[in-house]
Amino acid sequence: MAPSDANAPRPGQRFWVETLGCPKNAVDSDKVVASLLADGLTPAGQAEDADLIVVNTCAFVEAARQESIDTALALADSKRPGARLVVTGCMAERYGTELAEALPEADAVVGFAGEGSISEVVLRRPPKGGPRDLLELPRPAPAAPWAYVKVAEGCDKACGFCAIPSFRGPQRSRTIDQVLTEVDQLVAGGAQEIVLVAQDLASYGRDQGVGTKDIVPLVEAVAARVPWVRLLYLYPSDLTERLVEAIVATGVPYFDLSLQHVSPTLLRRMRRWGDGDRFLRRIEEIRAVAPQAAFRSNFIVGYPGETEDDHDQLLAFVEAAQVDWCGFFAYSREDGTYAADLDGVVPRSLMDERLAELRERQDAITAARRDALVGDTVEVLVDAPGVARSHREAPEIDGIIAVPEHLAVGELHTVRITGAAGPDCEAEPVAVPAGAH
């Protein structure tokens with residue numbers, strides 16, 4: 001459902017954008033914000049003061065959907081009289097009319113593309129003669145000295161547990177020039193780090209023949225414009241030697257590998273590539289050429305058919321791999337996916353036991369790896385007073401390095417790690433000769 005033109009946002013009105021889910025959603029929200037600012041609207045100090053509230057939802061798993069609904073309902077209850085609530089994002093894309101009927105509290109439920117899209121309904125940009133989604137809309141200046149940049153939309157993979165291709169569609173890569181235009185805008189606004197994101201990042205360009213049909217030229221071009229470039233969400237089979245070399249050459253040897261499990265039997269049921277032995281060899285090969293490399297991964301626990309042996313294989317892998325950061329998530333049944341009708345459903349109580357065991361083991365590994373950094377000298381980017389990160393910490397998802405508050409925000413500094421506690425470290429600045437950076 002869409003409001004009439006009389007209800008369209010007007011200059012001088014105040015807006016609030018609430019973002020749920022992943023960094024890719026954060027990029028979409030940034031573009032909504034920039035467009036509203038360009039139309040003369042101003043940010044509200046809090047949602048209760050806004051004339052327009054936009055909720056950018058997540059639909060990846062059941063918990064995320066419930067959080068999205070709860071957030072929309074809470075904002076509907078607290079909005080001021082006459083304010084409009086617009087629900088967009090992945091839930092709107094996936095459920096559309098069904099969501100609108102189930103959420104009458106919303107004044108509009110709109111997706112990101114096509115007729116009745118957020119561009120048309122909220123931003124007053126007709127889908128014909130302009131972008132049909134948010135990929136090419138401008139961005140506001142970054143609020144932090146780093147920024148996510150989405151290089152593609154959609155996904156061509158057919159993982160058994162994932163519904164994203166059904167509502168985000170097949171992969172659509174942006175051109176290198178389009179991405180670099182956005183990067184240049186963000187760098188001009190103060191970004192010192194660009195974090196490249198997509199549903200299937202390493203497959204960038206393969207759908208449209210962009211560049212040389214791989215992401216390496218893009219990584220190199222971004223690295224030439226900004227001190228740090230980081231890549232999130234790399235499918236392991238696409239992590240070529242050339243891509244590894246390009247990542248290491250950026251000076252941010254951070255590898256976010258989407259592994260999901262290590263049991264070959266279970267990975268086949270997930271419609272995924274690989275196994276624990278292959279993953280371990282790849283990690284070891286990268287560490288051989290880049291000893292300072294940091295690794296992150298995520299694993300699904302309780303996928304249909306997961307046995308005790310599968311779980312034991314994952315535990316053994318976690319111990320052997322010694323990755324810096326790791327997330328473990330309970331399997332969520334998604335309608336329309338291959339896994340939705342598989343046998344071998346794992347009871348939730350057993351999932352929780354396995355999750356607790358894995359998280360306890362990984363927490364100890366992460367803490368030990370952080371302890372091992374004490375005494376090291378590293379380069380950090382200061383995100384906020386007293387809060388910094390090195391190449392080992394991705395923004396928002398990993399630990400931090402606490403530094404003295406007098407270190408300038410938005411600049412790179414050389415520090416020595418003086419302490420560690422769990423996922424976080426402490427550091428003090430190190431004097432370096434002029435021109436040594």
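# Sheet and helix packing in a predicted model

User: In what order do the five strands of the open sheet stand?
Analyst: The open sheet has five strands, and their pairing is parallel. Strands and helices are DSSP runs numbered from the N terminus (E, at least two residues, for a strand; H or I, at least four, for a helix). Two strands pair if DSSP finds at least two bridges between them. The order is 2-1-3-4-5.

User: Which strands stand at the edges of the sheet?
Analyst: An edge strand here has a single partner strand, so one of its sides is left without a neighbour in the sheet. The two that fit are strand 2 and strand 5 (108-109).

User: What pLDDT do local features of this predicted model need?
Analyst: Residues are numbered from 1 along each chain as its sequence is written, and side-chain values use heavy atoms, with hydrogens and water left out. As the model is predicted, totals for chains, interfaces and linings use all residues, side-chain atom pairs count only at pLDDT 80 or more, and local features need pLDDT of at least 70.

User: How many bridges join strand 1 to strand 2?
Analyst: Strand 1 covers residues 14-19 and strand 2 residues 42-43, and they run parallel. Arg14 stands opposite Thr42, while Phe15 has Pro43 as its bridge partner. The number of bridges is two.

User: What is the bridge partner of Val17 in strand 3?
Analyst: Strand 1 also pairs in the parallel sense with strand 3 (residues 52-57), over five bridges. Within that pairing, Glu18 stands opposite Val55. The bridge partner of Val17 is Val54.

User: In strand 4, what is the bridge partner of Val54?
Analyst: Strand 3 is joined to strand 4 by six bridges, and the two run parallel. The strand 4 partner of Val54 is Val86.

User: Which residues of strand 3 are buried on the side opposite Leu52, Val54 and Asn56?
Analyst: Buried means under 20% relative accessible area, exposed over 50% and partly exposed in between (1.4 Å probe, protein chains only). Six of the six residues of strand 3 are buried, so the strand is largely enclosed by the rest of the structure. In a regular strand the side chains alternate between the two faces of the sheet. Leu52, Val54 and Asn56 lie on one covered side; on the other are Ile53, Val55 and Thr57.

User: How far apart are the end C-alpha atoms of helix 1?
Analyst: The expected span of a helix is 1.5 Å times one less than its number of residues. For the 16 residues of helix 1 (residues 23-38) that gives 22 Å, which agrees with the separation in the model, 23 Å.

User: How many residues of helix 1 are buried?
Analyst: The buried residues include Val27, Val32, Val33 and Leu36, and also Lys24, Asp28 and Lys31. Helix 1 is therefore largely enclosed by the rest of the structure, its buried count being twelve of the 16.

User: At what angle does helix 1 run to strand 1?
Analyst: Axes are lines fitted to C-alpha atoms, for helices over the stretch in contact, and angles run from 0 to 180 degrees between N-to-C directions. Contact means heavy atoms within 4.5 Å. Helix 1 lies across strand 1, strand 2 and strand 3, and its angle to strand 1 is about 175 degrees.

User: Which strands does helix 2 touch?
Analyst: Helix 2 (residues 62-78) packs on the sheet, and its direction makes about 170 degrees with that of strand 3. The strands touched are strand 1, strand 3 and strand 4 (84-89).

User: Which handedness has the β-α-β unit made by strand 3, helix 2 and strand 4?
Analyst: A crossover is right-handed if, with the strands pointing away from the viewer, the path from the first strand over the helix to the second runs clockwise. Strand 1, helix 1 and strand 2 make a right-handed unit. The unit of strand 3, helix 2 and strand 4 is likewise right-handed.

User: Is helix 8 roughly parallel or roughly antiparallel to helix 9?
Analyst: The axes of helix 8 (residues 216-223) and helix 9 (residues 241-249) come within 10 Å and cross at roughly 5 degrees. Angles under 35 degrees count as roughly parallel, over 145 as roughly antiparallel, 65 to 115 as roughly perpendicular and the rest as oblique. The crossing angle therefore makes helix 8 and helix 9 roughly parallel.
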